[in-house]
Amino acid sequence: MSHWPIGIFTSVGAGLGLPLPTAVELGISTIQLHAPKTDSLTDEFASELISQLQESDVSVTCLFAGFEGESYEDIPTVERTVGLVNPETSAGRHAELKRISDFGKLLNVPAIGLHIGFVPHDTTSQPYQDLIGIVRDVCEHCAANGQALHLETGQETAEALVQFLNDVDRTNLHVNFDPANMILYGAGEPLPALEMLGSHVRSVHCKDARWSDQPGKTWGQEVPLGEGDVDMAAYLKMLKQIGYTGPLTIEREIPEEPERQRAEIGHAVELLNRLKQEILG
Ligand code: MG
């Protein structure tokens, strides 16, 4: 694969990402795929998807897990509903995540990604230890399927995430870096965070956002790539500095406005191609 292939966060069926046929029309060669719903995690659906992907000549670089009942409505709701932290939903999701990994094996994907939720701050607490146990078990399951596990950034500061990665201590546990999430959640300036995470970063989202006036309390605002507080040229330069050569996966989650989503992602592809040329030469 060439340096920094452009990718798009894509959905099949309903989902937050761009529909697969629209992504293909935009001429990209890689996608991250939002995992289909539980009842579609079947051999039959995998075969159907494999033919669609082969026809389109697109490869899936990361299969992104999401779970029933997750809501990104506001930051407290994310804390309660997203990922593997809430004990009311963690056992079921832990099992489902392994099913998603097995489905990913059918598609031959190299990585499973997800938001694990807000990592508990007290590293000596039982909830923190419980989360470590779940993530270790999922890492081992992914390893047996030939996959890495990529944790999406945003909810934690880079320091807390590095600490968590070190505490889990599994060689196939890495980071999917999303600069906009650092801003949206008020978790820190994205570029120093990227520098600190360095070689842990094995996949990235290209997404933009503006800071909230109450960072960490209320959402910042997601905006089209190049219009927010992520300096995209500086972002790509930092990716080069840390030695990242993987896909640049555009994420723009406005599925309720498909025309606008398609147009904005089209502009993002152009912007990234131009910056790539400037920075890589
Ligand atoms: Mg993201």
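These legends describe views of a predicted model.

**Figure 1. The whole protein, with ten helices and eleven strands.** The radius of gyration is 18 Å, close to the 19 Å that the globule rule gives for 281 residues, so the protein is as compact as a globular protein of that length. Its C-alpha atoms fill a box of roughly 50 × 45 × 35 Å along the principal axes. Of the 281 residues, 54% count as buried. Among contacts with a separation of 6 or more, 73% join residues 24 or more positions apart.

**Figure 2. Phe45 and Phe103, a stacked pair.** A search of the whole structure finds six aromatic pairs. In this one, the ring centres of Phe45 and Phe103 are 6.4 Å apart; the planes meet at 15 degrees, under the 30 degrees that bounds stacking, so the pair counts as stacked. Phe45 sits in helix α2 (residues 43-56) and Phe103 in helix α4 (residues 90-107), so the pair ties together parts 58 residues apart in sequence. Phe45 is buried, with a relative accessible area of 18%. Phe103 is also buried, at 2%.

**Figure 3. Tyr128 and Phe164, an edge-to-face pair.** The ring centres lie 5.8 Å apart. The planes stand at 80 degrees, so the pair is edge-to-face. Tyr128 belongs to helix α5 (residues 126-144) and Phe164 to helix α6 (residues 158-168). The pair links distant parts of the chain, 36 residues apart. Both Tyr128 and Phe164 are buried.

**Figure 4. A cluster of Phe118, Tyr185 and Trp219.** Ring pairs link these three residues.

**Figure 5. The surface and charges of the protein.** The accessible surface comes to about 12300 Å², and 48% of it belongs to carbon and sulfur atoms. The protein has 19 positive and 41 negative charges, whose mean positions are 3 Å apart.

Notes. Residues numbered from 1 in each chain as written. Predicted model: local features only at pLDDT ≥ 70, side-chain atom pairs only at ≥ 80, totals over all residues. Heavy atoms only, no water. Phe/Tyr/Trp six-rings, centres within 6.5 Å; stacked < 30°, edge-to-face > 60°. Helix = DSSP H or I, 4+ residues; strand = E, 2+ residues; numbered from the N terminus. Buried < 20%, exposed > 50% of the residue type's maximum accessible area, 1.4 Å probe, protein only. Rg over C-alpha atoms; globule rule 2.2 N^0.38 Å. Contact = heavy atoms within 4.5 Å. Areas by Shrake-Rupley, 256 points an atom, 1.4 Å probe, with all protein chains shown as cover. Lys, Arg positive; Asp, Glu negative; His and termini not counted. Charge placed at Lys NZ, Arg CZ, Asp CG, Glu CD.
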